[in-house]
Amino acid sequence: MQAQLDSIPSLQGKVSDVEWQLRVDLAAAYRLIAHYGWDDLIFTHLSVRIPGPEHHFLINPFGAMFDEITASSLVKIDVHGEKVGDSPFPVNPAGFTIHSAIHEAREDAQCVMHTHTVEGVAVAAHSEGLLPISQQSLFPLSSLAYHDYEGIAVREDEKARLVRDLGSANYLILRNHGLLTCAPTVADAFLAMYILQRSCEIQVAALAGNRPLTPVPQPIIDKICGEGDKVTSSQGGLLAWPGLLRKLDRIDPGYRD
């Protein structure tokens, strides 16, 4: 796999400028997921849809570690899971099932991110789900859905139930499985995952303290529903994402290859 990754020629100038920028952003997101320790060996997946009527999207080369993924090694596939163009890499069937379902159903969900972090799976196993016990948790709670566990996500018939459960939400907790976020941009999907992951970390830590918890009052939760998108999207699109790219360029610039 490493030899294959090293031998991949750059696609810069060989794909549209729009596709190349999406490749760079998605590869950066994979590297950042690894940097923050949210990866799960070669498993889980991030995808981004390429604008156009074909509904093609980019996903990770199955078998590559997240800190090895580059803009040029990302695999372009169609809604049937078939590779578009020449790529030596396979695609994770579970990644195709989950991501294609959401990309097909939600035009606004250009980017979809899915993780299996310890804290995320722990909260996914809590019968109460995500609790309103931190400021961070209020943003996901303003647009959060749940999907019951049905086993490894490789069956075509699960797609309809996944889409039904997600509805118009931007955050999804997959019971006993992990976390998922979707957004119009890679930047906003990553920021959403950051906030959801941090909410789960805080919840696990708070419950471990074995002390009574103080929930956020419902009127404040309701108010956040009207303010959350404005706050998080401005941070993701204008401040947090460019700053994260600068950070990555200092410590792990290979994602741009």
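**View 1. The residues around the largest cavity.** Lining the largest cavity are I98, H147, D148, Y149, E150, G151, A153, E158, L162, L174 and H177. This is a predicted model, so treat every view here as a look at a prediction. Sorted by class, that lining comes to five nonpolar, three polar and three charged residues. The volume of the largest cavity is about 60 Å³. How many cavities of 30 Å³ or more does the structure hold? Just one.

**View 2. The largest nonpolar core.** Here we're looking into a core of 59 residues, where Y30, M113, F190 and W241 touch the most other members. Helix α2 chips in the largest share of this core, with eleven residues. There is also a second, separate core of 14 residues, and A109, V112, L172 and C182 are among them. As a general point, nonpolar side chains in soluble globular proteins tend to be buried together.

**View 3. Helix α2 and what comes right after it.** Is α2 largely enclosed or largely open? It's largely enclosed by the rest of the structure, because 15 of its 19 residues are buried. Its length works out as well: at 1.5 Å a residue, the 19 residues should span 27 Å, and the end C-alpha atoms are 27 Å apart, which agrees. Just past α2 sits G37, with a positive phi of about 80°.

**View 4. L41, in the loop after α2.** Follow the chain into the loop between α2 (17–35) and β1 (45–49) and you'll find L41. Phi of L41 is positive, near 55°, and this residue is not a glycine. Is L41 buried or exposed? With a relative accessible area of 54%, L41 is exposed, because the cut-off for that is over 50%.

**View 5. H56, between two strands.** H56 belongs to the loop between β1 and β2 (57–59). A relative accessible area of 19% makes H56 buried, because it falls under the 20% cut-off. Which residues does H56 contact, leaving aside neighbours within four places in sequence? They are V48, R49, I50, K76, I77, D78 and V84. Take D78 from that list: D78 and H56 are 22 residues apart in sequence, yet their C-alpha atoms are 4.6 Å apart in space.

**View 6. E82 and its contacts.** E82 turns up in the loop between β3 (75–77) and α3. Setting aside neighbours within four places in sequence, E82 is in contact with K76 and I77. Now look across to I202: 120 residues separate E82 and I202 in sequence, and their C-alpha atoms are 40 Å apart in space.

**View 7. Q110, just ahead of a strand.** Where is Q110? Look in the loop between α3 (93–105) and β4 (111–115). Q110 counts as buried, because its relative accessibility is 18% and the cut-off is under 20%. Once neighbours within four places in sequence are left out, the contacts of Q110 are L22, S47, V48, R49, P51, H103, A183 and P184.

**View 8. P140, a proline in a helix.** Helix α5 (residues 135–141) is home to P140. P140 has a relative accessible area of 0%, so it is buried. Leaving aside neighbours within four places in sequence, P140 is in contact with L130, Y171, I195, L196 and S199. For a longer-range marker, try A183: P140 and A183 are 43 residues apart along the chain, with their C-alpha atoms separated by 13 Å.

**View 9. N176, in a loop between strands.** N176 sits in the loop between β6 (171–174) and β7 (178–183). Phi of N176 is near 60°, a positive value in a residue other than glycine. At 47% relative accessibility N176 counts as partly exposed, because that value lies between the 20% and 50% cut-offs.

**View 10. Helix α7 from end to end.** Helix α7 covers residues 186–208, 23 residues in total. From first C-alpha to last, α7 reaches 33 Å, close to the 33 Å expected at 1.5 Å a residue. Which residue with a positive phi follows α7? That's N210, whose phi is near 55°.

How values were computed. Residues numbered from 1 in each chain as written. Predicted model: local features only at pLDDT ≥ 70, side-chain atom pairs only at ≥ 80, totals over all residues. Heavy atoms only, no water. Helix = DSSP H or I, 4+ residues; strand = E, 2+ residues; numbered from the N terminus. Expected span 1.5 Å × (residues − 1). 1 Å grid on protein atoms, 1.4 Å probe; cavity = no way out; pocket = protein on both sides within 12 Å on 5 of 7 lines; lining within 4 Å. Points joined across faces, edges and corners; volume = space filled by probe spheres on them. Nonpolar A, V, L, I, M, F, W, Y, C, P; charged D, E, K, R; others polar. Buried < 20%, exposed > 50% of the residue type's maximum accessible area, 1.4 Å probe, protein only. Contact = heavy atoms within 4.5 Å. Core = buried A, V, L, I, M, F, W, Y, C linked by side-chain atoms within 4.5 Å.
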